[in-house]
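Here's a quick tour of what holds the inside of this chain together and where it opens up. Take a look at the model before reading on.

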Amino acid sequence: MPRTSDILLRLAREGTGERVSLGEIVAALRGRAYALLVVVLGLPNCLPMVPPVPFVSGVLLGLVGVQLVVGRPSPWLPEWLLARSLARGDFEAYLARALPWLHRLERFAKPRLAFFERRGAMRLVGLALVACKKTETANVSA
């Protein structure tokens, strides 16, 4: 099974056209896009950020959780967002800066619990994300 970094590198090198869209990235990653979204959207809730950023990322993380609960094979994003693109050169530059971090994450996040590869288990993970978002919202309003 290819690593996420390998998939992104292949997309950068073998893609056609001058631009890389978010839709192409999600299509290449398929179900793995969930893991990347959870990491990217979870970071603002772990790091000190200005007030609206953790809330917005938390809401988006809750929406990712809902998609996992309903069993979507890959994340749904609005068409206007999927159409957003970067110049291929910029995508390659961003990827070059992100690869060392992604390689560290991949070394740490090796598959361990095969149970979570099942569709029902991923729904439980989504439920946990939604529950965490619900708890965060309750703590903010208190």
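## Pocket and cores

The second largest pocket is lined by 32 residues, and those nearest its centre are Leu 22, Ile 25, Leu 36, Leu 37 and Val 40. Keep in mind that this is a predicted model. The volume of that second largest pocket comes out at about 1,000 Å³. Its lining draws at least two residues from each of strand E1 (19-21), H2, helix H3 (32-46), helix H4 (52-70), strand E2 (85-87) and H6.

Now for the nonpolar packing. The largest core has 16 residues, and Leu 8, Ile 25, Leu 29, Phe 91 and Leu 95 have the most contacts inside it. Helix H1 (4-14), helix H2 (22-29) and helix H6 (88-108) are the elements that give two or more residues to this core. H1 makes the largest contribution, with 5 residues. There's also a second, separate core of 6 residues, with Tyr 34, Leu 41, Leu 61 and Leu 68 among them.

Here are the two cores side by side:

| Core | Size | Residues include |
|---|---|---|
| Largest | 16 residues | Leu 8, Ile 25, Leu 29, Phe 91, Leu 95 |
| Second | 6 residues | Tyr 34, Leu 41, Leu 61, Leu 68 |

Ile 25 is worth a closer look, as it turns up both in the largest core and by the centre of the second largest pocket. Leaving out residues up to four places away in sequence, Ile 25 touches Leu 8, Leu 11, Val 20 and Phe 91.

What about the rings? The structure holds 0 aromatic pairs. Trp 101 does have a charged partner, though: the charged end of Arg 104 sits over its ring, 4.6 Å from the centre.

Notes: Residues are numbered from 1 along each chain as its sequence is written. This is a predicted model: local features need pLDDT of at least 70, side-chain atom pairs count only at pLDDT 80 or more; totals for chains, interfaces and linings use all residues. Side-chain values use heavy atoms; hydrogens and water are left out. Rings of Phe, Tyr and Trp (its six-membered ring) pair if their centres lie within 6.5 Å; planes under 30 degrees apart count as stacked, over 60 as edge-to-face and the rest as tilted. A charge sits over a ring if NZ of Lys or CZ of Arg is within 6 Å of the ring centre and within 35 degrees of the ring normal. A nonpolar core is a set of buried Ala, Val, Leu, Ile, Met, Phe, Trp, Tyr and Cys residues joined through side-chain atoms within 4.5 Å. Buried means under 20% relative accessible area, exposed over 50%, partly exposed in between (1.4 Å probe, protein chains only). Helices (H or I, at least four residues) and strands (E, at least two) are DSSP runs, numbered from the N terminus. Contact means heavy atoms within 4.5 Å. On a 1 Å grid over the protein atoms alone, a cavity is a set of points where a 1.4 Å probe fits but cannot get out, and a pocket is an open set with protein on both sides within 12 Å along at least five of seven lines; lining residues have an atom within 4 Å of a point. Grid points are joined across faces, edges and corners, and a volume is the space filled by probe spheres set on the points.
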